[in-house]
Structures are given as C-alpha cells and as structure tokens.
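Work through the following exercises with the sequence and the 3D structure open beside you. Try each task before you read its solution.

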Amino acid sequence: MSTDTPDASAGDAPSRAELAARIDELEEQLSEATSDAGDDSKKMSIIATKGTLDMAYPPLILASTAAAFGYEVTVFHTFWGLDILHEERSKNLKLSSVGNPNMPVPNAVAALPGMDRVTTSMMEKKIDDNDTATIEELIDTSLDMGVEFQACQMTIDLMDYDEDDFYDGVTTGVGAATAIQDMAEADIQLLV
C-alpha cells in the first residue's frame, strides 16, 4: 500500500517560484483581511422623523456626542424631521403644547389658540438662558465632526422642497434603501 498521493508525485509538484508566488499572494490576502478586521470604528445610525423644536435636539446631540467618541454617524431625516435640515424652517420650529405631559400647562389651556407660540417662546428663552447651542450650531458642529446628515428624497419630493434650501453639507437624494443598509451595518440604530 503506497502512502503517496497522486498530487505528491514529482511531475505534479509546483516549482519553488510558483510556491513563493503563492505564499506572497496568501500573505497579501492575510494582510488585507487582518487590516479590515482590525478596524475598530463603530457606526451609529439615527432616523429623525419629528420636526418640532423639542425633537430637533435629541438626534443632533446624540450625533455630535457619538462623533466626539469616534463613531461614524449618519442621521437620516424623513417627513417632519426634514425640517431640521432646512435652513429657513429650522429657525422657526415650534413646540406643541398639547399632548405633552411635561408641559407646565394643562391640556385644556394648551389647546387654546396661540398657546403653541407661548410654549415655543418659553422653550426658546430657556435655550437662550442656559446658553444651549442652537439647532444651526449643532448642525455645523456635527458636520465639522464628520456626521453625515441625509435628507430623504421621497420626503423632499412629497413636501416640494428645493434641495438648495438645506444646510451646506447635507446629503440629498437619499432613499430608504440606503438608510436601511446603513442601519444594517451600524452598531447602534436609533429612531427619534
């Protein structure tokens, strides 16, 4: 009984040069694979769906904070959340006084005409008094830190927005498929 395999015969054996070339090829593949595996970057994906003054802050604060901690961050803005990225609309976001259990006024009073203006003014004063960053400042800071703000193309079309009306640096023309792919690749996914 022979222990030799058919591949071990002298006529089928690769030459030293072929072996050296194969070793070089395998070492290069190993180097590429380990350099990719050594990438410790983390990703965060946020979906922003609301465009009220109080709901504009959470995705912006979370995005800028995560970027400061080294996360690669994308924030996909859709429906009313798109107003956060709209230069004009973001300066006039309102705070709804109805249905918010933490508002300092009862719902019966909050439903009166003009109360949204009152509660919005109260919040804007609080923001100003506490020297809290404005929405524009948070967007600029986040963009400087590498956060990618994405504007939903379907919502742009639905709301008849002009892409030029968004802050410089906002990525327009993004669809739901891109947002889903981004979420699938992210370590942290948030819906705000």
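**Exercise 1.** Is Asp131 buried or exposed?

*Solution.* Keep in mind throughout that this is a predicted model. The step that decides the matter is to compare the relative accessible area with the cut-off, since a residue counts as exposed when that value is over 50%. For Asp131 the relative accessible area is 71%, so Asp131 is exposed. As to its place in the chain, Asp131 lies in the loop between H4 and H5. Turning to the backbone, its phi is near 55 degrees, which is a positive value in a residue other than glycine.

**Exercise 2.** Where is Asp160 found, and what is its relative accessibility?

*Solution.* Begin with the location: Asp160 sits in the loop between helix H6 (153-158) and S4. Its relative accessibility is 68%, so Asp160 counts as exposed. The backbone of Asp160 has a positive phi of about 60 degrees, although this residue is not a glycine.

**Exercise 3.** Which residues of helix H5 (residues 135-144) are buried, and why do they line one face of the helix?

*Solution.* First, pick out the buried residues, which in H5 are Ile135, Leu138, Ile139 and Ser142. Next, look down the axis of H5: the buried residues fall within an arc of 100 degrees, and therefore they line one face of the helix. A general rule helps here, because an α-helix has 3.6 residues a turn, so residues three or four places apart point the same way. Then ask what this face meets: the buried residues of H5 pack against helix H2 (53-68) and strand S3 (148-152). Finally, follow the chain onward, where Gly146, just after H5, takes a positive phi of about 95 degrees.

**Exercise 4.** In what order do the 5 strands form the open sheet, and which are the edge strands?

*Solution.* Going across the open sheet, the 5 strands come in the order S4-S3-S2-S1-S5, with parallel pairing. The edge strands are strand S4 (171-174) and strand S5 (188-191), each of which pairs on one side only. From one strand to the next, the twist averages 20 degrees. To examine one pairing in detail, take strand S1 (residues 43-48) and S5, which pair in the parallel sense over 4 bridges; here Met44 has Ile188 in S5 as its bridge partner. As a last step, consider H2, which packs on the sheet and touches S1, strand S2 (72-77), S3 and S5, while its direction makes about 170 degrees with that of S1.

Key. Residues numbered from 1 in each chain as written. Predicted model: local features only at pLDDT ≥ 70, side-chain atom pairs only at ≥ 80, totals over all residues. Heavy atoms only, no water. Buried < 20%, exposed > 50% of the residue type's maximum accessible area, 1.4 Å probe, protein only. Helix = DSSP H or I, 4+ residues; strand = E, 2+ residues; numbered from the N terminus. Arc of directions from axis to C-beta. Contact = heavy atoms within 4.5 Å. Pairing = 2+ DSSP bridges. Axes fitted to C-alpha atoms, helices over the stretch in contact; angles between N-to-C directions.
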